[in-house]
Amino acid sequence: MKRKIMLLIGACIFTVIALATIQGYFIYNTYKLYEREINSSIKKQISRLEDTDEWEDISDTWSLNLKKYAKEYAKGKVTKQNFTTYVNAKKDSLSTATKVYMKKMGQPDDYDIDYSIYLNSITLLNNGKIDTLFKGKILILASDTLKKNKILSATGRSESKDSNNQLTLLIKSERYYGFDELQRTIISKMSGLLIFSVLLMAFVVFLYYMSLKNLITQKRIADIKTDFVNNITHEFQTPLATMDIAIKTLQRKDQQMSPEHYKNTLAMIDRQNERLQKLFRQVREASVTPIANKENIEVTSDEIKDMIEDFKLSKPDVAIKFTSQEEVFTIAMDRFHLNTILINLLDNAVKYGARKIEVDLKITAGNFILSVKDNGKGIPLREQASIFDKFYRVDKGNIHNNKGLGLGLFYIKQLVKTYKGTITVKSEEQKGSLFTITIPV
Ligand code: ADP
């Protein structure tokens, strides 16, 4: 069963990972789709901006300037080395003009892009002789401070001849745009889808979690019930078998029985009967919720001392120390319930190996506090939260170690709860346990 649950958990984890991967893939595809859509809108926006006379003027300014420079160069008036300085000198005024133009032409639905033109090369064909005036990448104009994620929107190639067809000028350029808000815009467009996906995944994980939790709880309950059936069978077996033998002995009329033997046999039947009754009482008590009787009673420390003395009679080799803050406690509780709690705790302490027990009564901050400390075998930390559960036993399956049905502490907790009190345990393995009952007075 444990293997099955582990397999199921593995299958659930695998399914969640597979679902998340598929979802991630779809989200990625949707992102790319939006990205393409935005880029094509931006390209349309750029085409619109580039398709005006005003833009032609700006655009012509730099190409005319370059042509002028090329002519000067052909005449030997300027050198190649001056070219970069020349372009840079014009760059700012062209950029300002572009900026003003872009702002003026902008429409409400436009994306807030930046735009730039780079020159890649200028080649002169002078009487069939090729002369490269410039080759590289130099900025001609930019509408905004340059962003890193530039996207190439178009390449330009213009060829012009001078009036007497001697000089041919070849200009190659590239136009770029950049949109810094691209990622944020796509994410905000996809926000509904993203939120829905995350919620869906969370819901699937939650459903798996709940189902597995339920399965584990069911399995735990089934195990506990099996243990209970085993325990109760074992608990009833011994007294029933003993009584069977005792009754058969009494029935054997042919055999002379000494009065002593007769008395012992009857006492044995009585003891086993008492044990069966006790077991039966435990099961019955645990199946009904106890009813609180909140009439004020006076509990004297002598009364508790007597109770402990009575208990000690059947456990002569256990030392019980009793301390009490007061001589008389006035508490709103059924006397019988208080006795049951104390005796059950003492019973458990002895059953689980205590040789020394300390019982203490006190009143602190309006609470009546009963504590029972023992030096028994203690309870492992991981088990401490469960020992108050119905049918829960630490020695699961191993019914021969200590007898019990796992109902004692459950019943004590039920009782304490009806009086709005609490029961806590502090315990260390091989050192002992301390049970503390707190009941508001
Ligand atoms: P039972 O004693 O019939 O098993 P209880 O409900 O009284 O059932 O106790 C539940 C479990 O708590 C026990 O199986 C035992 O392992 C552990 N336990 C209870 N009291 C003590 C104690 N004083 N010392 C060590 N273990 C204890």
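This report describes the surroundings of the ligand and two annotated stretches of the chain in a predicted model.

**The ligand site**

The ligand sits in the largest pocket, where 19 residues surround it, and of these Asn348, Tyr352, Asp374, Arg393 and Leu409 come nearest. By residue class, the shell around the ligand consists of 10 nonpolar, six polar and three charged residues.

Polar atoms of Arg393, Val394 and Leu409 lie at the following distances from an oxygen atom of the ligand, with the side chain involved in the case of Arg393 and the backbone in the cases of Val394 and Leu409.

| Residue | Polar atom of the residue | Distance to a ligand oxygen atom |
|---|---|---|
| Arg393 | side chain | 2.5 Å |
| Val394 | backbone | 3.2 Å |
| Leu409 | backbone | 2.8 Å |

Taken alone, the ligand would expose 530 Å², and the protein buries 99% of that area. The elements that each give two or more residues to the shell around the ligand are helix H7 (335-351), helix H8 (408-418) and strand S11 (432-440), and H7 gives the most, with three residues. Leu409, one of the residues that come nearest to the ligand, falls within the range of helix H8 (408-418), and Asn348, also among the nearest, falls within that of helix H7 (335-351).

**Annotated stretches**

An unreviewed UniProt entry places a "transmembrane region" at residues 190-210; in the model this stretch is 100% helix and 0% strand, and its end C-alpha atoms are 30 Å apart. The feature "coiled-coil region", likewise from an unreviewed UniProt entry, is placed at residues 262-289, and there the model shows 93% helix and 0% strand, with the end C-alpha atoms lying 42 Å apart.

Methods. Residues are numbered from 1 along each chain as its sequence is written. This is a predicted model: local features need pLDDT of at least 70, side-chain atom pairs count only at pLDDT 80 or more; totals for chains, interfaces and linings use all residues. Side-chain values use heavy atoms; hydrogens and water are left out. A residue is near a molecule or strand if one of its heavy atoms lies within 4 Å of it. A polar contact is a pair of N or O atoms within 3.5 Å; within protein, one must be able to donate a hydrogen and the other to accept it, and residues adjacent in sequence count only if both atoms are side-chain atoms. Accessible areas come from the Shrake-Rupley method with a 1.4 Å probe; for residues, only the protein chains shown count as cover. On a 1 Å grid over the protein atoms alone, a cavity is a set of points where a 1.4 Å probe fits but cannot get out, and a pocket is an open set with protein on both sides within 12 Å along at least five of seven lines; lining residues have an atom within 4 Å of a point. A molecule sits in a cavity or pocket if more than half of its atoms lie within 2 Å of its grid points. Helices (H or I, at least four residues) and strands (E, at least two) are DSSP runs, numbered from the N terminus. Ala, Val, Leu, Ile, Met, Phe, Trp, Tyr, Cys and Pro count as nonpolar, Asp, Glu, Lys and Arg as charged, and the others, Gly among them, as polar. UniProt positions are given in the numbering used here, feature names are shortened, and annotations may be inferred rather than shown by experiment.
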